[in-house]
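Visitor: I would like a close look at a single part of this model, taken slowly and set against the rest of the chain. Please choose one helix and follow it outward to whatever surrounds it.

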Amino acid sequence: MDKWKIETDIEDNGRHLSGHIIKSIKERFVKHSISAGNLTGIGIGVPGFVDEASTFFVTLGTGVGSGIIVNGDLVNGPNGTAGEIDHTITVPHGRLCTCGREGCLEEYVAAKGLRRSLRDYLRNFRDSSPLHKDSEVIDIYEAAKAGDALAVHIVNDAAYYLAYALANVVTLINPEKIIIGGGVSAAGEKLLRPLVAHFKRFVLKEADKSLSFEFARPGNDAGIYGATWLVMKRLGYFQNML
Ligand SMILES: [Zn+2]
């Protein structure tokens, strides 16, 4: 284990800060003769990095990653599982999850869940579709954008389950912001529109009053990096960033 500090560079409104952090991590890799693949975990504390008091982050990649910041602090829990929306049970007695339980969110949304939905739908779907059992998630998104009925069903289902899970999070922790990143940008409006519509139906109105949604795109906002770092690492994004 290693712990170190770097100078907080506030020049240009902190624009160089994330670059300096990445550089310092790379230097640590050299110092310890390890690569990003050997890393078990990393945490970054940066003054002013996240200005929202309470935020929920979710990234959709192969699976679903997430994190909670409450009153400015990242919530870990004694076993480090706090904020793991991916293994919240969304469908009781639903699809078997890799965690050994049934009905976890990640079996219904993101790449893993969408491909599973595709295979389920294909068993009974008789209309023509460009999709087949080995289609990639990007094919599903593209087909949905082109209006393919099967793809639209799959993406709508994912939006429904994610909305359901997010509405429960918001009802429970009453965050000021939900930041959604990852593969969601490939789905675009086809996922976001039904997601927000379902969310509005599910969420407790009182908890929704001060909430805003933000859709993160790579490189657009250094402010989200600190807290999404842990999430990205779990989804394997970390290697690409370094
Ligand atoms: Zn699970």
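Guide: The protein chain has nine helices and five strands, and the model that shows them is a predicted one. Read from the N terminus, the elements follow the order α-β-β-β-α-α-α-β-α-α-α-β-α-α. Of the 242 residues of the chain, 35% count as buried, and among contacts with a separation of 6 or more, 62% join residues 24 or more positions apart.

The part I would single out is helix α2, which covers residues 110-122. Its length can be checked by a short calculation: at 1.5 Å a residue, the 13 residues of α2 should span 18 Å, and because the end C-alpha atoms are in fact 18 Å apart, the expectation and the model agree. The buried residues of this helix are Ala110, Ala111, Lys112, Gly113, Leu114, Ser117 and Leu118, and what covers them includes β1, β2, α3 and α4. As background for reading such a list, an α-helix has 3.6 residues a turn, so residues three or four places apart point the same way.

Ala110 deserves a careful look, since the phi of this residue is near 60°, a positive value in a residue that is not glycine. Most residues other than glycine have a negative phi. Ala110 lies in α2, and it counts as buried because 26 other C-beta atoms lie within 10 Å, where 20 or more are required. A second residue invites comparison: Asn174, also not a glycine, has a positive phi of about 50°, but Asn174 is found in the loop between α4 (149-173) and β4 (177-182). With 16 C-beta neighbours inside 10 Å, Asn174 is therefore classed as partly exposed.

From the helix we can step to the residue Val109, which, leaving aside residues up to four places away in sequence, touches Leu60, Val64, Ala158, Tyr161 and Leu162. Val109 is also one of the residues with the most contacts inside the largest nonpolar core, a set of 44 residues in which Ile140, Val155, Ala158, Tyr161 and Leu162 are likewise listed as having the most contacts. The elements that give two or more residues to this core are β1 (55-60), β2 (64-70), α2, α3 (137-145), α4, β4 and α6 (189-202), and the largest share, 14 residues, comes from α4. In soluble globular proteins, nonpolar side chains tend to be buried together.

Two of the elements that cover α2, β1 and β2, belong to an open sheet of five strands in the order β3-β2-β1-β4-β5, with mixed pairing. The edge strands are β3 (73-74) and β5 (212-215), each of which pairs on one side only. Strands of a sheet pair through backbone hydrogen bonds, either parallel or antiparallel. Here β1 and β2 pair in the antiparallel sense over six bridges, with Thr55 bridged to Ile69 in β2. By contrast, β1 and β4 pair in the parallel sense over six bridges, and the bridge partner of Phe57 in β4 is Ile179. The pairing of β4 with β5 is parallel over four bridges, with Phe213 in β5 as the bridge partner of Ile178.

How values were computed: Residues numbered from 1 in each chain as written. Predicted model: local features only at pLDDT ≥ 70, side-chain atom pairs only at ≥ 80, totals over all residues. Buried ≥ 20, exposed ≤ 12 C-beta atoms within 10 Å, placed from the backbone. Contact = placed C-beta atoms within 7 Å. Core = buried A, V, L, I, M, F, W, Y, C linked by C-beta atoms within 7 Å. Pairing = 2+ DSSP bridges. Expected span 1.5 Å × (residues − 1).
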